[in-house]
Every structure is written in structure tokens, then in C-alpha cells.
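Got the structure open? Let's walk through it together, one question at a time.

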Amino acid sequence: MVDLQGQYKKIKNVVDNSIQEVLESSAYINGPYVHEFQKDLENYLNVKHVIPCANGTDALQIAMMGLGLEQGDEVITADFTFAATVEVIALLKLTPVLVDVERDTFNIDIDALKKAITPKTKAIVPVHLFGLAANMDAIMEVAKEHNLFVIEDTAQAIGANYTFKNGEKQKVGTIGDVGTTSFFPSKNLGCYGDGGAIFTNDDKLAHTIRGIVNHGMYKRYYHDVVGVNSRLDSIQAAVLKAKLPYLDDYCDARRNAAKFYNNAFANNSNIITPTSSCCGEICDSCDCHVFHQYTLKITNGKRDELHQHLLDKGIPNAIYYPVPLHAQKAYQDDRYKEANFPITNELTKTVISLPMHTELDDEQLQYITKTINEFVD
Ligand SMILES: *Cc1c(COP(=O)(O)O)cnc(C)c1O
């Protein structure tokens, strides 16, 4: 699905030099690279505060702790996403409220979101799934009307630009009260281990969060709040600092591969290619999709056969996600009615994700698309 070796080889010198510096400095935790990467990412995202942490799941948890969410508060998120999003809500004894998604964008459905709001609702967690920005115009409007926090799960979409209805652009993850991301190796900006970060433009919230990631300490050995230990280590920060300047090129490479796929499947009536626009016509040619995944919908009922056929042909592929979150054992709840999740239920049966990374060449793309078009016709 990804080619991390190929990507590493192209930037081996820069990355190796950075890592070597950390090894020789012996500042393995909170070394200068962590601070430098933080500053570089603040500049790249045009956000006031980046707080690095240990992984993308921690980032979500810490964001929710930082906002002061409490037991019983309802937090709305999408039924169709990676489990980490709902996991931390449940872990903090908040009440997860899962809602259906849109068929075209795979992102949270705005009508379903509005219907799920109760007097107990405190926050919305939009996930920019597969790299496509969620409809932030609508989400921010709903949040403002009901006085809700917005926590953007940007684990799959770092680098994507959201274009507002008024034409202004802003990096996803910096639009809501707080944004989170993951630097897991296969994410669009990946390190060589675990890593994550939290973004916010709110000075007070940033201060609170900086304490929480470090055992609730604002002054050494004075613990004002219950915190966690969640750090980005210096070696990962060195890798990320070396890779960040390439992120825009990486996004372009993914978009180019997506274009190749789109063209190759354009005339196949049993395949629906992913939309590349987050809010309709306005950003038809915009950069709101960074294709963390390239996900097709197979409409002739043969998705599972295709999955097996591609494996037989040596073509990696994956079903993200095979089970809706509301149907997962850990997150079942009597409040959920199947009739409320028609789209997620459908998507879990039709979606298939193809190899998507920065190193795909035309020969590989040709082979993948030819194999698929021959099988699905
Ligand atoms: C990967 C991912 C996470 C979690 O990131 P980790 O660094 O693996 O903890 C959270 N949310 C989404 C949508 C993800 O894809």
C-alpha cells in the first residue's frame, strides 16, 4: 500500500544526518529538534501553537482533556472512521455519539450531525477522512449556533487546504478550536516510529495542553492537573524536520497518482472514483484532498471478489473500514438504530482502497488499473 523504503532512499542523506546529530547530542528527549520541528510546523500550517506528542491517538485524548470535557458530555463523531477517534471519547468516560457520513466525501453528514445534537452535546470531532477536508463551513456554523467545541482529527489530512465559501483558504486542523494529527510511518507526513501533534490558535488552551502532555506540570514537580506522559522523541522530531519541506511535493505526488487512477476508471460504470472536492464546485480544482487513501466504490456487488483477485495478482489493497463503528463490539449502544446509518453500512460493503503513496510510477499504475478494469466490467 505504501513504499516507505523508496521514499527514504531519496532523502536518505538529510534524514541520516539529522538522526546522527541527535545521537551525538544525547538530547534524546525534548532536544532542540523537537522545538525546531514545532516551529517549522507552526509556520507551515500558519497556526500559533503546535504541541508535539507521542501519537495521534494521544493527541485526540489530550485535546479533549485540554478542553475540559467531563464525564457524560456528548461528543459527536463519524461512524465511518478509524477507531482511535471514538476510543478516546469512550476512554475519557465522555459519551460518544456516532453519526452517518456522506456517500461522496466519506465525511460526517451535516444533517445527521444536526439531528444528533442534544443539550448534553459539548463537541464535534470531524475527521478529514482519507485526506479530504470535511465541510468546515457547515461544521463551524453548527458549532457556533450550539456553542460546541470543534476538534479536527487531521491524522489523514495534514497539508490539505480547506477553501471556505468566501474563497479563503486555511490548512485543515487549524480551523476548529483544536486540531490533531499522527506521524505514524504510513501517514502523509510519517516519522520512523510513533509521533503526533496538537494544533491551536488559542493561547490559553495551548498552555493547558503543554502542561497535560507533561504530567500536568506547569512548574517542575508541581502538578496542577492530572496529565499524561506523551512526548515526541528527538529522533522522530529530527526525521520530521527533515521531511516537512517535502510534504507539499508528497501531496502533489499523491494527487497525480489519484488523477491517473481517476482517468483510468472514468469509463467503468461499476466503479465510482473518489470525489476530490470538499464542498462542491467551488474547489473543483483545489487542494483540499491529499489522498491519504485512494478509495473506490465498487457498485456491482463484487468488492470482496476484487479484493481477493488483486491479492492473487500481487496488488496490495485494503478495506478501510470493514465494520461501522456503531457495530463494533466495544462501541455498541442501544441508542443506535441501523436505520440511522444507511451510508456507512453501504460503504463498508462497497469500498476498496488501492496502493497510494509518493513513489507510484506509471508502470505500476498501469498494471493496477488494467487488472481492475479487466476484472470489474
Ligand atoms: C491513524 C489515525 C489516528 C491515530 O493515530 P496514531 O498515531 O496511530 O495513534 C487517529 N485518527 C485517524 C483518523 C487515523 O487515521
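Below are some questions and answers about the ligand, a surface patch and a few unusual backbone spots.

This is a predicted model, where local features need pLDDT of at least 70, side-chain atom pairs count only at pLDDT 80 or more, and totals for chains, interfaces and linings use all residues. Residues are numbered from 1 along each chain as its sequence is written, and side-chain values use heavy atoms, with hydrogens and water left out.

Q: How far is a polar side-chain atom of Ser-182 from an oxygen atom of the ligand?
A: Let's look for polar contacts, meaning pairs of N or O atoms within 3.5 Å. Asp-153 has a side-chain N or O atom 2.8 Å from a nitrogen atom of the ligand, and for Asn-55 and a ligand oxygen the distance is 3.5 Å. For Ser-182 and a ligand oxygen, it's 2.7 Å.

Q: How much of the ligand's 380 Å² does the protein bury?
A: Accessible areas come from the Shrake-Rupley method with a 1.4 Å probe. Taken alone, the ligand exposes 380 Å². The share of that buried by the protein is 91%.

Q: Which elements give two or more residues to the shell around the ligand?
A: Helices here are DSSP runs (H or I) of at least four residues, and strands (E) of at least two, numbered from the N terminus. Two elements fit the bill: helix H4 (56-66) and helix H5 (84-91).

Q: Which residues form a nonpolar patch on the surface with Tyr-28?
A: A patch takes residues with over 30% relative accessible area and no salt bridge (a side-chain nitrogen of Lys or Arg within 4 Å of a carboxyl oxygen of Asp or Glu). Nonpolar side chains (Val, Leu, Ile, Met, Phe, Trp, Tyr) are joined within 5 Å, like charges within 9 Å. Tyr-28 itself sits in the loop between helix H2 (12-25) and helix H3 (32-45). Its patch partners are Leu-23 and Ile-29.

Q: Is Phe-291 buried or exposed?
A: Phe-291 has a positive phi of about 45 degrees although it isn't a glycine, and it lies in the loop between strand E12 (271-272) and strand E13 (294-298). Buried means under 20% relative accessible area, exposed over 50%, and partly exposed in between (1.4 Å probe, protein chains only). Phe-291 has 3% relative accessibility, so it counts as buried.

Q: Is Asn-30 buried or exposed?
A: Asn-30 is in the loop between H2 and H3. Its phi is positive too, about 55 degrees, although Asn-30 is not a glycine. With 56% relative accessibility, Asn-30 counts as exposed.

Conventions. A polar contact is a pair of N or O atoms within 3.5 Å; within protein, one must be able to donate a hydrogen and the other to accept it, and residues adjacent in sequence count only if both atoms are side-chain atoms.
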